[in-house]
Amino acid sequence: MTVVLGIESTAHTFGVGIVSDEPPYVLADSRRQYVPEKGGILPREVAHFFSRVAGEVVSEALREAGLKIGDVDAIAVALGPGMGPALRVGATVARALALHFKKPLVPVNHAVAHIEVARFTTGLEDPVALYVAGGNTTVVSYEAGRYRVFGETEDIALGNLLDTFAREVGIAPPYVVGGMHAVDKCAEEGEFLEEALPYIVKGQDVSFSGLLTAALRLHRKGYRLSDICYTLREIAFSMVVEVTERCLAHTGKRQVTLTGGVAANRVLNRKMEIMARLHGAVYKPVDVRYSGDNGVMIAVTGLAAFKRGVTIDPRRAFIRQRWRIDEVDLPWYPWIPGR
Ligand code: AMP
Ligand code: MG
């Protein structure tokens, strides 16, 4: 049996997951999320919060798994992409654990990990994946050794669009209550606006910043907020589903998944399901417990990588703030724990 401890610290969550290659696979999932009192996330404040909680999150995960650090075969860490100060905390903790306890260190790309945890929880072997989160909007699928990008945002991410709009019009934070985003809650009584907001798909890429600006302008002009929320959501979701659909048609794959924080969204799931059905493809979203950032996804990916000999010298394990998903070789593909 191989056991890997994974550390996540790319954005708002400091997470530690422990995963093995035998049932029940997930041995521990411990996390703390940084929630700013108002406004967006300030990297320095997140880093401060992470360094305060890191020790207790690691201990809590080991306790939950009933293991000592000595029982772990390798330490995996998300080295990017993400915010520098936040990434540095996870990387420092991981390097220290690896060096002190003489454990191999496994570098993990956070975006790859969102896809791998979707494959892990859905059992889909080779899907087209729509990855939508606070800082990412990407359509990828495996081709010739790597996840290839079949479309992405040219500016802000889908989660950021929803969060920023909600914050600016005063319906958040909190952004998500009971699994429902503030924009969804507000859209419940809404209707599609005639003054259509801009739907911007350029080739395979999407752009959300013009949509955000236009929606905020309608709000200032006094349009009904529920109508703006409804229209904003319908347009933004349709844009990403369109790009995913074209990737599915192009690759001829038979499976589709949805992952990242926004994968918890019911309306987006419904659109994805309908689109997949039209193509005769199987649709399964990531298990919602692992849609947002967490340590388990880093451990799952770290385990797959470690079993194929992917490790890094702790003294060379530098963070990579702009580490793209298509720069990562996947020698383990399509293997994932559970198969
Ligand atoms: P991540 O960066 O992967 O942790 O995802 C965080 C993002 O997911 C934030 O932008 C959240 O607002 C968003 N999110 C979480 N739950 C939902 C939901 N039910 N609907 C839409 N967005 C969500
Ligand atoms: Mg994420």
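Which residue places a polar side-chain atom 2.9 Å from a nitrogen atom of ligand 1? In this predicted model, that residue is Asn-265. Taken alone, ligand 1 exposes 500 Å², and the protein buries 90% of that.

The surroundings of ligand 1 comprise 17 residues. His-12, Asp-163, Gly-179, Asn-265 and Asp-293 are the closest. By class, 10 residues of the shell are polar, five are nonpolar and two are charged. Helix 4, spanning residues 158-168, gives the most to this shell. Its share is three residues.

Two domains take part. Domain 1 is made up of 3-115 + 291-327, and domain 2 covers 124-283. Both give residues to the shell, so ligand 1 lies between them.

Oxygen atoms of ligand 1 also have polar partners. An N or O atom in the side chain of Asp-163 is 2.7 Å from an oxygen atom of the ligand. At Gly-134 the partner is a polar backbone atom, 3.1 Å from an oxygen atom of ligand 1.

Asp-163 was examined further. This residue belongs to helix 4, the element that gives the most residues to the ligand shell. Its relative accessibility is 21%. Burial requires a value under 20%, so Asp-163 counts as partly exposed. The accessibility takes only the protein chains as cover. Beyond its neighbours within four places in sequence, Asp-163 is in contact with Tyr-175 and His-181.

His-181 lies in strand 10, which runs over residues 180-181. With 9% relative accessibility, His-181 counts as buried. The cut-off for burial is under 20%, and His-181 therefore falls on the buried side at 9%, whereas Asp-163 is partly exposed at 21%. With residues up to four places away in sequence set aside, His-181 touches Leu-162, Asp-163, Ala-166, Tyr-175 and Val-176. Tyr-175 thus appears among the contacts of His-181 and among those of Asp-163.

A polar contact links His-181 to Val-183. A polar atom of the His-181 side chain lies 3.1 Å from the backbone nitrogen of Val-183. Val-183 can also be placed relative to Asp-163. The two are 20 residues apart in sequence. Their C-alpha atoms are 8.2 Å apart in space.

Taken together, Asp-163 joins two parts of this description. Its side chain has an N or O atom 2.7 Å from an oxygen atom of ligand 1. Asp-163 is also in contact with His-181, whose side chain in turn has a polar atom 3.1 Å from the backbone nitrogen of Val-183.

Definitions and conventions
Residues are numbered from 1 along each chain as its sequence is written. Chains are lettered from A and ligands numbered from 1 in the order in which they are written. This is a predicted model: local features need pLDDT of at least 70, side-chain atom pairs count only at pLDDT 80 or more; totals for chains, interfaces and linings use all residues. Side-chain values use heavy atoms; hydrogens and water are left out. A residue is near a molecule or strand if one of its heavy atoms lies within 4 Å of it. A polar contact is a pair of N or O atoms within 3.5 Å; within protein, one must be able to donate a hydrogen and the other to accept it, and residues adjacent in sequence count only if both atoms are side-chain atoms. Accessible areas come from the Shrake-Rupley method with a 1.4 Å probe; for residues, only the protein chains shown count as cover. Helices (H or I, at least four residues) and strands (E, at least two) are DSSP runs, numbered from the N terminus. Ala, Val, Leu, Ile, Met, Phe, Trp, Tyr, Cys and Pro count as nonpolar, Asp, Glu, Lys and Arg as charged, and the others, Gly among them, as polar. Domain bounds come from an automatic or database domain assignment. Buried means under 20% relative accessible area, exposed over 50%, partly exposed in between (1.4 Å probe, protein chains only). Contact means heavy atoms within 4.5 Å.
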